[in-house]
Amino acid sequence: MNILLVHAHPESTSLSGTLKDFTVQRLQSAGHTVQVSDLYGMQWKSTVDAQDTTNRLSTIRFDVAVESKHAFDNGYQTEDISREQEKLRWADAVLLQFPLWWYSMPAILKGWVERVYAFGFAYGVGEHSDKHWGDRFGEGTLAGKRAMLMVTAGGWESHYSSRGINGPIDDILYPIQHGILYYPGFDVMPPFVVYRAGSTDETRFARICEELGQRIDTLFTADPIAFRPQNKGDYDIPALTLRADILPGETGLSVHVVERK
């Protein structure tokens, strides 16, 4: 299988960088083909601006969505954007690897998403009607592929528990897993999270690699997170609210995940 690993850490000898190397070796040893987008190594441009198109539709006002669609539809995207889109088309699975900084991904990775997820590629896809509100949340360009987050965090696991001060890790990662990965169609695997990243000795590193290796080995066989698809009947369209008869009275992010029996 083809795997794209998008890595976002500025230090190659960090725990994140070392786990990236371990992951590539593990995947290749299993017979997979791997490409790595090392964003810091690539000096990835993280800001969306008018330089992302070689032929602007308007030179008076820069409308991000309009110009993104114009560039994507007509072959006016810059080469770096088109190259990453081709990697996504090529990949059977995508791994996003990053340190958790200020409760989210590093700016360089967010910028990769904002520039590569062009209008017509990752959003603005499919018809809009009273029964179907675009190809998204379970459908879209990247449907049929798998994705997983590999995250290193400085805090303790208890800090990210259901009563932890940082909030549950699933809630913190929800905008990425549901909004960035599931939105354009990925089947999203549960995240692999390493806590207390700065307190890792050789013994603990070996244990982390063993656990990560098991997750990598089952990347294509384990069950993904059971997010509810948008257009299969669970949501009222166009309001896009969960039907009143599903989990009545319950709210919060967890209602958008189907409990497995």
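**A tour from the paired strands to helix 6**

Begin in this predicted model by selecting strand 1 (residues 2-7) together with strand 2 (residues 33-38), which run parallel and are joined by six bridges. To look at one of these pairings, pick Val-6, whose bridge partner in strand 2 is Ser-37. Adding helix 1 to the selection completes a right-handed β-α-β unit, made of strand 1, helix 1 and strand 2.

Next, select helix 6, residues 202-217, and place a distance between its end C-alpha atoms: they are 22 Å apart, which agrees with the 22 Å that 16 residues should span at 1.5 Å a residue. Just ahead of the helix, show the side chain of Asp-201, which caps the N-terminal end of helix 6, with a side-chain oxygen lying 3.3 Å from the backbone nitrogen of Thr-203.

Staying with helix 6, colour Arg-204, Ile-208, Cys-209, Leu-212, Gly-213 and Ile-216, which are buried. An α-helix has 3.6 residues a turn, so residues three or four places apart point the same way. To see what covers these buried residues, display helix 1 (15-29), strand 4 (146-152) and strand 6 (192-194), which are among the covering elements.

Finally, zoom out to the protein chain, which holds six helices and eight strands in the sequence order β-α-β-α-α-β-α-β-α-β-β-α-β-β. Its C-alpha atoms fill a box of roughly 55 × 50 × 35 Å along the principal axes, and its radius of gyration of 19 Å agrees with the value near 18 Å for a compact globule of 261 residues. Of those 261 residues, 46% count as buried, and among contacts between residues at least 6 apart in sequence, 74% join residues at least 24 apart.

Note on methods
Residues are numbered from 1 along each chain as its sequence is written. This is a predicted model: local features need pLDDT of at least 70, side-chain atom pairs count only at pLDDT 80 or more; totals for chains, interfaces and linings use all residues. Side-chain values use heavy atoms; hydrogens and water are left out. Helices (H or I, at least four residues) and strands (E, at least two) are DSSP runs, numbered from the N terminus. The expected span of a helix is 1.5 Å times one less than its number of residues. Buried means under 20% relative accessible area, exposed over 50%, partly exposed in between (1.4 Å probe, protein chains only). Contact means heavy atoms within 4.5 Å. A polar contact is a pair of N or O atoms within 3.5 Å; within protein, one must be able to donate a hydrogen and the other to accept it, and residues adjacent in sequence count only if both atoms are side-chain atoms. Two strands pair if DSSP finds at least two bridges between them. A crossover is right-handed if, with the strands pointing away from the viewer, the path from the first strand over the helix to the second runs clockwise. The radius of gyration is taken over C-alpha atoms; the globule rule is 2.2 Å times the number of residues to the power 0.38.
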